[in-house]
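Work through these exercises with the model open. Each task is followed by its solution.

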Amino acid sequence: MADPFDSLTAGDARLRQLMREYQSGRFEAFDDLYAALAPPLRRYLLSHVRDAAKADDLDQETFLQLHRARHTYDPAYPVTPWAMAIARHVRLMDHRALSRRPRATDDVNDVELPVRGEAASFVERSEVRRALSQVPATRRNAVIQHHVLGLSFREIAERTGIAETAAKLRSSRGMAQLRTLLKGHGAK
Amino acid sequence: MNMPLGLRDRLAADYAPVRPLASPFTRAMWCVPFALLALVAAPLFYDVRRDAAALGWLAWTASLAQATAGFLVIAAALRESVPGRSWSGLSIAAWLAAPAAMAIALTLASWQASPIAVRNGWWFVFAVCLASSAATALPVVTMTAVLAARAYPTRPALTGALAGLGAGLIADAGWRMFCHFSEPAHVLSAHMGGIAVSVIAGMLLSTRLKTSG
């Protein structure tokens, strides 16, 4: 398997410079760091979690942790092993958190959907369920927890061990996908 | 690939310039005052072991060598706490095995040079040496765990184990300068037990600091 960081090795001097600038007070340097590091980190995460939405969430969480741990980067060393170690840590922590908490149901038929009247006028409950089943599990769970069970994003974040921003992102992406899928059935 | 605005806002909210961490060796130097205290506490407070003259150079150089090894293990723990600078499995095995082998070799050398067995109150002497050795290590292990937590330990239990091992070696080196019982059964159980307690304390402390931080 090709090393996803091969392409970065040549540009590591630039990354080191950007990290130095980010440490010393130029916030904008992180935009360039993100542009350079996000794709390979996401590829790495995706190769382990095999779920695009989950990989996106972990990618963002990794950048949050890179930001928090920015003082630990030593400019004498390459950036990529440092970033990679943090991405690996984020992935393992997520895996550990997942294995410790009860899983939400994967079968959408098990979920009692309180479809509102206005929605019911457009689509049948079964169509909502069918569309929901096509939404990736992490997004689907966020949608169900927020829009069906009424949990706040903070509560979802605490339950699932992710950042509140990530919970919002999952839910909004899930809803957007759900809308697209339901539109395909003639719904609004 | 652009950074999502939500993420960018969140990072910008608590962004401030930072100073990069000092090297692991430099950070380990911050433990030196605590280490020196752990090293000299027992001989200063109680006295030097009564067979010091019989042991000769071994009494001092052995303890000094063990304390130096402990300091190096502390530096290794602080390096382990930096992302991307983790030790390989083989290196970790070496960091754990080499000091243990050194302590065993020094125990046997001391026994050869000045064989003094525990004749009465074996368990009392065992308990005193184990508890005192572990207690003396506590300030060093705490300081090391705090320094490690200020970095970003991705394997906090391992970082803590190395911190505890280093602190335990230093504390035991000091305790050996007072305890004249060179019987291997006593040294390898009570003194090594004190180091083991220090290792466990380091693991618990480091993991706790990581989860609470």
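Two residues count as in contact if their C-beta atoms, placed from the backbone, lie within 7 Å. The model is a predicted one.

**Exercise 1. Find the residues that B:Ile170 touches, leaving out those up to four places away in sequence.**

Solution. Start at B:Ile170 and apply the cut-off. The partners are B:Ala35, B:Ala38, B:Leu39, B:Ala67, B:Gly70, B:Phe71 and B:Val140. Next, place B:Ile170 in its core. The largest nonpolar core has 86 residues, and B:Ile170 is among those with the most contacts inside it, along with B:Ile74 and B:Val140. Then look for a second, separate core. That one has 14 residues, including A:Val128, A:Ala142, A:Phe153 and A:Leu178.

**Exercise 2. Describe the contact of chain B with chain A.**

Solution. Count each side. Chain B gives 21 residues and chain A gives 29. Now sort the chain B side by residue class. It holds 15 nonpolar, four polar and two charged residues.

**Exercise 3. Split chain A into its assigned domains and examine where they touch.**

Solution. Take the bounds: domain 1 spans 9-100 and domain 2 spans 108-183. Each of these domains of chain A puts ten residues into the contact. On the domain 1 side, helix H4 (52-68) and helix H5 (79-100) of chain A each supply at least two residues. H4(A) gives the most, with seven. Sort that domain 1 side by class: four nonpolar, one polar and five charged residues.

**Exercise 4. Work out how helices H8 and H10 of chain A are set against each other.**

Solution. H8(A) covers residues 137-148, and H10(A) covers residues 164-183. Their axes come within 8 Å and cross at roughly 95°. Angles of 65 to 115 degrees count as roughly perpendicular, so H8(A) is roughly perpendicular to H10(A). Now list the residues that meet. H8(A) uses A:Thr138, A:Arg139, A:Arg140, A:Ala142, A:Val143 and A:His146. Among their H10(A) partners are A:Arg170, A:Met175 and A:Leu178. By class, this contact has five nonpolar, five polar and four charged residues.

**Exercise 5. Are A:Arg50 and B:Asp47 buried or exposed?**

Solution. The cut-off for exposed is 12 or fewer other C-beta atoms within 10 Å. A:Arg50 has 9 such neighbours, so A:Arg50 is exposed. B:Asp47 has 12, so B:Asp47 is exposed too. Now check the backbone. Most residues other than glycine have a negative phi. A:Arg50 has a positive phi of about 55°, and A:Arg50 lies in the loop between H3 (29-49) and H4 of chain A. Phi of B:Asp47 is positive, near 135°. B:Asp47 lies in the loop between H3 (32-45) and H4 (52-55) of chain B.

How values were computed. Residues are numbered from 1 along each chain as its sequence is written. Chains are lettered from A and ligands numbered from 1 in the order in which they are written. This is a predicted model: local features need pLDDT of at least 70, side-chain atom pairs count only at pLDDT 80 or more; totals for chains, interfaces and linings use all residues. Ala, Val, Leu, Ile, Met, Phe, Trp, Tyr, Cys and Pro count as nonpolar, Asp, Glu, Lys and Arg as charged, and the others, Gly among them, as polar. Domain bounds come from an automatic or database domain assignment. Helices (H or I, at least four residues) and strands (E, at least two) are DSSP runs, numbered from the N terminus. A nonpolar core is a set of buried Ala, Val, Leu, Ile, Met, Phe, Trp, Tyr and Cys residues joined through C-beta atoms within 7 Å. A residue is buried if 20 or more other C-beta atoms lie within 10 Å of its own, exposed if 12 or fewer, and partly exposed in between; C-beta atoms are placed from the backbone. Axes are lines fitted to C-alpha atoms, for helices over the stretch in contact, and angles run from 0 to 180 degrees between N-to-C directions. Angles under 35 degrees count as roughly parallel, over 145 as roughly antiparallel, 65 to 115 as roughly perpendicular and the rest as oblique.
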